[in-house]
Each structure stands twice: as C-alpha cells, then as structure tokens.
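Please walk me through this structure, beginning with one of its helices and moving on from there to the core, the disulfides and the aromatic rings.

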Amino acid sequence: MNSTFSSRLGPLRDRRMMLIWLVLGVVGALTATGLFMVTGQSADAGEIPTARTISDSMTPGFTGALPESANPVGDGAPPVAVAPLAGASPAGMPVASNRPVQALADHPLFAQHVGLGRVDCKLPAWRDDPEAARAFYRAAIACLDASWEPALRGAGLPFRPPRLLAPAESRDVASQCVQRLRNGPTTFYCALDETLVLPFDAVRPLVGGSRRGAQLAVLTTEYGHHVQALIGVMRAYSEKRTTLGKDTAAGQEQSRRMELQARCFSGMFLGTNFGRGDIDQQTWTEATHAVRDGDVREELLQGTEENIWGWWRWGSDKGDTWECNTWFSAAAHVE
C-alpha cells in the first residue's frame, strides 16, 4: 500500500472511530433516560412506578422494637407493583402468569416493596342485627377487593373476590369447613370454598359498642387469609406444616406465621386507607383497640397478644407486602 495514502488514512480512520463512539454514547444516554422515565413515574398521577427490590432494605418484618402506638402509613405506602413478579421470560423480563406461586419466605409478592390500591370506602352504619351486619360486610369486602386486586394482578398473581357466609347463628353455616365450629361459634376463612365465614353470634361478642372499627379488624384479618389462599401461600404452608407434624412445636410455629401475616395484611389495608371515605379516626381507633385488646385463646396457633398487635401495627406503619413476610422473621417475633 502507498505509504502516503496510508498516512492520510490513519487520521481519517481515527476521526471516524471517535465519531462512532460519540454516537453510541449519545444513544446509550438517551436509552437510559427513556428507561428511567418509564420506570420512575408517579403513582399520584395514576401511573405506577417500579417497586424497589428486596435488596433495598436490610431485613423485612416486625422486629419487636416498635413504639406502642400504631401509625397509619397512608400515602407513604409503596405503590402497587408496576410489573408482574410471578414469572420471567427467557430474557429475564417479567411476564404475567396469573397463577398462584406455592412458596413462603421466597414468595415473589414478598420480594419487592408492594403496596395496596387506595380506595374511598363508603360503609353503611353498623346496626346490631344480622341483616345489617351482612350489608356492612358486603360493602367492606368490595373495598378490600378494590384495594387488593391491583396489587395482586400487578404482581402477575390471580385475584377473585371471596364468598361471604354470614348467617345469624353458627348452626346455620353451610361451609365445607363447618367442622371449624365444633368448639363453638367463631369467625374463620374456608379455603376450600374461598369463603369468609362470619356468623353473627360469633361476631357480636367481638364488636360490642363499635361503630365500624372492630368489625373491620375482624373482617380484614379473615380477608388476609383469602389473599394467602389466592397467591399460593396457604397451600405451601399446609404442606410444610404437615411435613413438620401438625401438632409439633415446629408445626405450630408455622400456624403462628400464617396467622400473624394475616394480621399484618389487615394492618396494611387499614393503614394505607386511613382517612379515606369512612375509614376515619374513630374507625381507626376502634380497630386498634380491637386488635390490641383482643381475646387470644390459642397462643400456640395464633401468637401472643404482643406479637399479634406488633404485626398488625407493623403492617399499618409500613403498608408493604415485603414487610409482612412473617415466614422470613426470626422465631422470637412469631411466638
């Protein structure tokens, strides 16, 4: 090759390479900016930002070091998930699966900071009779559905409203889990037919003198079990407890983790929606008293009064599914 031509070509080649790298740098910067704009949108504007990953905080869950008061998180709660968490494409991009995930501590709903939808609940006045109770529960369940559905669907998980069974007397319960009443009237969730069972003769002693709050404390806890059933946690729990031995100390600890997570979910809903619609200060105060002063008859299966109050309070303070991961928590905090 002619040496003169080669000497001229060298600088030209260098300038071309510099130009190519400059263009690539600009394109990369624009792409990164575009991605930030897509994933950093404001929930207040009706758009959903990307949830933070589990590595953003040290340890999830109630640690027993909280002030005595419960503080509703309100608008400070994380947004609902921006993208499905329950599956991944070969390229690693989240995809919707709309199927439950049978897992506990590593369930995808607890892998990111996910909050609930904010709703303005309009609830009928509480009256001391079975028909009025049913009307109240139907309205409250509609609020819970509206709050939980976007969170679960946004995480690529299934959602279905629960059924309600609220007869005047426990003897009239027609549920696949009717054996749960063998020791007397009680409220419970039946996963076999996805039903909230709230007999009036069981509810009435729990909510005497309350306008709304105590009823919501009971209802939102049972609804928390419905969420666990929908997303696959309840089935994973059942299999693990059976493997450990249902009545062993380890099996009973699994029961407490299950019950305390439902309490945390209850606190999440009320804390996130405090001050909206009919979830006012009096309703909130009644709910906190009902949880804190509740009669716990099976500590081995439900948890101590301190931990029941602690997990409910933690949910109300944080409004975050990541923070309700009782399966991850140390044994001391699920006693």
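Helix α6, in this predicted model, runs over residues 249–272, and because 24 residues at 1.5 Å a residue should span 34 Å, the distance of 34 Å between its end C-alpha atoms agrees with what is expected. Of those 24 residues 20 are buried, so α6 is largely enclosed by the rest of the structure.

Helix α6 also takes part in the interior packing. The largest nonpolar core has 69 residues, and the residues with the most contacts inside it are Tyr137, Trp148, Leu152 and Phe269. Two or more residues of this core come from each of α2, α3 (200–203), α4 (213–231), α5 (233–244), α6, α7 (281–292) and α9, while the largest share, eleven residues, is given by α2. The surroundings of Leu152 can be followed one by one: once its neighbours within four places in sequence are left aside, Leu152 is in contact with Leu109, Leu157, Pro158, Phe159, Val227, Leu230 and Ile231. Separate from this is a second core of seven residues, among them Val173, Cys177, Cys190 and Val197.

Two of those names lead on to the disulfides, of which a search of the whole structure finds three. Cys177 and Cys190 form one of them, with their sulfur atoms 2.0 Å apart, and because the torsion about their S-S bond is about 70°, this disulfide is right-handed. The pair links distant parts of the chain, since Cys177 lies in the loop between β1 (163–165) and β2 (188–190) and Cys190 lies in strand β2, 13 residues apart; both Cys177 and Cys190 are buried.

Another disulfide brings the reader back to helix α6, where Cys264 is joined to Cys324 with a sulfur-to-sulfur distance of 2.0 Å. Here the torsion about the S-S bond is about -75°, so the disulfide of Cys264 and Cys324 is left-handed. Cys264 is in helix α6 and Cys324 in the segment after α9, 60 residues apart, and the pair thus links distant parts of the chain. Cys264 counts as buried at 0% relative accessibility, and Cys324 likewise counts as buried at 0%.

The disulfide between Cys121 and Cys143 has its sulfur atoms 2.5 Å apart. Cys121 lies in the loop between α1 and α2 and Cys143 in helix α2, so this pair ties together parts that are 22 residues apart in sequence, and both cysteines are buried. When the bonded cysteines of the chain are numbered in sequence order, the pairing reads 1-2, 3-4, 5-6.

There remain the aromatic rings, among which a search of the whole structure finds nine pairs. The rings of Trp126 and Phe136 have centres 5.6 Å apart and planes at 90°, so the pair is edge-to-face. Trp126 lies in the loop between α1 (3–39) and α2 (130–154) and Phe136 in helix α2, so the pair ties together parts that are ten residues apart in sequence. Both Trp126 and Phe136 are buried. Phe136 also forms an edge-to-face pair with Tyr137, at 6.1 Å centre to centre and with 75° between the planes, and Tyr137 itself counts as buried at 2% relative accessibility.

Elsewhere, Phe274, Trp284, Trp309 and Trp312 form one aromatic cluster, and the charged end of Arg292 sits over the ring of Trp309, 5.3 Å from its centre. In a further arrangement of this kind, the charged end of Lys318 sits over the ring of Trp314, 4.8 Å from its centre.

Terms used. Residues numbered from 1 in each chain as written. Predicted model: local features only at pLDDT ≥ 70, side-chain atom pairs only at ≥ 80, totals over all residues. Heavy atoms only, no water. Phe/Tyr/Trp six-rings, centres within 6.5 Å; stacked < 30°, edge-to-face > 60°. Helix = DSSP H or I, 4+ residues; strand = E, 2+ residues; numbered from the N terminus. Buried < 20%, exposed > 50% of the residue type's maximum accessible area, 1.4 Å probe, protein only. Lys NZ or Arg CZ within 6 Å of the ring centre and 35° of its normal. Expected span 1.5 Å × (residues − 1). Core = buried A, V, L, I, M, F, W, Y, C linked by side-chain atoms within 4.5 Å. Contact = heavy atoms within 4.5 Å. Disulfide = S-S within 2.5 Å.
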